[in-house]
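Biologist: I have a new model on my screen and would like some help reading it. Could we go through it together?
Modeller: Happily; let's open it up.

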Amino acid sequence: MSSSLFIQRFGRTKSLTKRSTKKYLEEALYRRLLKDGGSDVSVRRNLNEFIKSRKKAYKWEVDHTLKILRNRNRYAPALKLSETMAERGMNKTVTDQAVHIDLIAKTKGINAAEAYFVDLPEQSKNHFTYGPLLNHYCKELMTDKAESMFAKMKELELTLTSVHYNCIMTLYEKTNQPERIPEIIMEMKASEVKLDTLTYNLWMRAVAALNDISSVERVINELKRDEQVSEHWTTYSNLASIYVDSGLTSKAEDALKELEKKISHKNLSAFQHLITLYGKTGNLIEVYRVWRSLKLAFPKTANISYLNMIQVLVKLNDLPGAEKCFREWVSGSPSYDIRIANALIGAYIKSDLFNKAEELRELSKRRGAKPNAKTWELFLNYHLEKGEIVSAVNCIDNAIAYSTSTGKKWVPGAAVVRKFMEYYEGCNDVDGAEGFVEVLQKADDNVGGEVLESLIRIYAAAGKTSPVMHRRVKMENIELSDEGKVLLEKITVK
């Protein structure tokens, strides 16, 4: 084997300090890209600097960097790096091409990924490169394309694994076709495709969705007999959730005991699932026991853990416990997370402790955590329930303003908007309705046919006319009901 080929394949053994800094980067590529914290902006900037420098990187570095960027959801810079190295003549293996397809689908869409796949040499069209497209078809719930591609893979006698079958079964689970999953399991067994943990979990959830608890237990027993699959904590998390939903609390707690046996000391997700599921069984003692274990395992307890714990305590109506947990978090956290405050604000509002909710909102603001759309939505629901319409509209205005300032879009749900319009119809309040519509238009210029029809009815009932209503209906391209058309003519200024 030539030395250059050895370096390309086994470059990890080469000391980075010995390579020529005239041609190569002075440091590992991934370190260069992530040196400023790894934000999307900094990664893009550092990548552009690397590209402009024209310095080289070993292929293993590129592969390792792509893996890290994908794990951190930095798909756009990962794609740019992949494209750049291909332009510089770095040969792509079939697995590299598969990664490239996945990155294109995530950044440019499925159509672009399909075009790349079509242009691949025929020898590159195998189970590696078919896989990412199949996965994205399934994620996007494109059933026809997914089934067609899966059938094509079988027709070409490509190597199919549990990964491909799991994609299809996940699609059927998300499209409410659980009855098709046992059929896929039978096909896997007939084709001697090994089942994995996800396969068993999908199978178990499918028969549970068919209200067949005895079959759920048969799946678990088969898993226990399968020597090639290790029992994973997620299986018992799924099982406990199924038992909870079926009202089998005792069996659920037995499953949670099994879950605890399968988790490592440092698995945060497993601890949080335990807390949530014990909460669903109503077992407050176990919730606190697992919480203590979590804090021992993670002395620097994450915000997400406090959020989860407070949410569980709130659901169990342990408001004093939730408040104590919140105070503990405030005293030990260097950063103030509005999501955690929202959990307690929601509890106060639910308990009709409005003053406490307002105090916490103001405290959060003073601590540097601006109330977000969720905060204002909590207060909106309270004011709306109390019939305090002006305050409720103000909450919507604040929620939209916050979302707009963060580059996001928030609009109240259709049912909430309907309540407002029904209120204005009930008192023939044209000014109030127009003010409300004006607030909605801060999020979206088009308010929709239902709102405009209601507005027309309000004008008609109040005996008022509008010189612009015809234009508004036309601009939104709304097809009014027969009643709406008649009333529109009635309120239009001739």
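Biologist: How many nonpolar, polar and charged residues are in the lining of the largest pocket?
Modeller: Keep in mind that this is a predicted model. Sorting a lining by class shows its chemical mix: here it holds 11 nonpolar, eight polar and nine charged residues. The largest pocket encloses about 510 Å³ of space. Its lining counts 28 residues, and those closest to the centre are Arg 70, Thr 95, Ala 98, Val 99 and Pro 132.

Biologist: Which helices each supply at least two residues of that lining?
Modeller: Those are helix 4 (59-71), helix 5 (75-87), helix 6 (94-107), helix 8 (127-139) and helix 10 (162-174).

Biologist: At what angle do helix 10 and helix 11 pack?
Modeller: Their angle is about 170°, and the axes lie 10 Å apart. Angles over 145 degrees count as roughly antiparallel, so helix 10 is roughly antiparallel to helix 11. Helix 10 brings Ser 162, Tyr 165, Ile 168, Met 169, Tyr 172 and Glu 173 to the contact, while helix 11 brings Ile 181, Ile 184, Ile 185, Glu 187 and Met 188. By class, the residues of this contact are eight nonpolar, one polar and two charged.

Biologist: What is the mean pLDDT of the chain?
Modeller: The mean is 91, with 95% of residues at 70 or more. Over residues 1-17, however, the pLDDT is below 50.

Terms used:
Residues numbered from 1 in each chain as written. Predicted model: local features only at pLDDT ≥ 70, side-chain atom pairs only at ≥ 80, totals over all residues. Heavy atoms only, no water. 1 Å grid on protein atoms, 1.4 Å probe; cavity = no way out; pocket = protein on both sides within 12 Å on 5 of 7 lines; lining within 4 Å. Points joined across faces, edges and corners; volume = space filled by probe spheres on them. Helix = DSSP H or I, 4+ residues; strand = E, 2+ residues; numbered from the N terminus. Nonpolar A, V, L, I, M, F, W, Y, C, P; charged D, E, K, R; others polar. Axes fitted to C-alpha atoms, helices over the stretch in contact; angles between N-to-C directions. Parallel < 35°, antiparallel > 145°, perpendicular 65-115°, else oblique. Contact = heavy atoms within 4.5 Å. pLDDT = per-residue confidence, 0-100.
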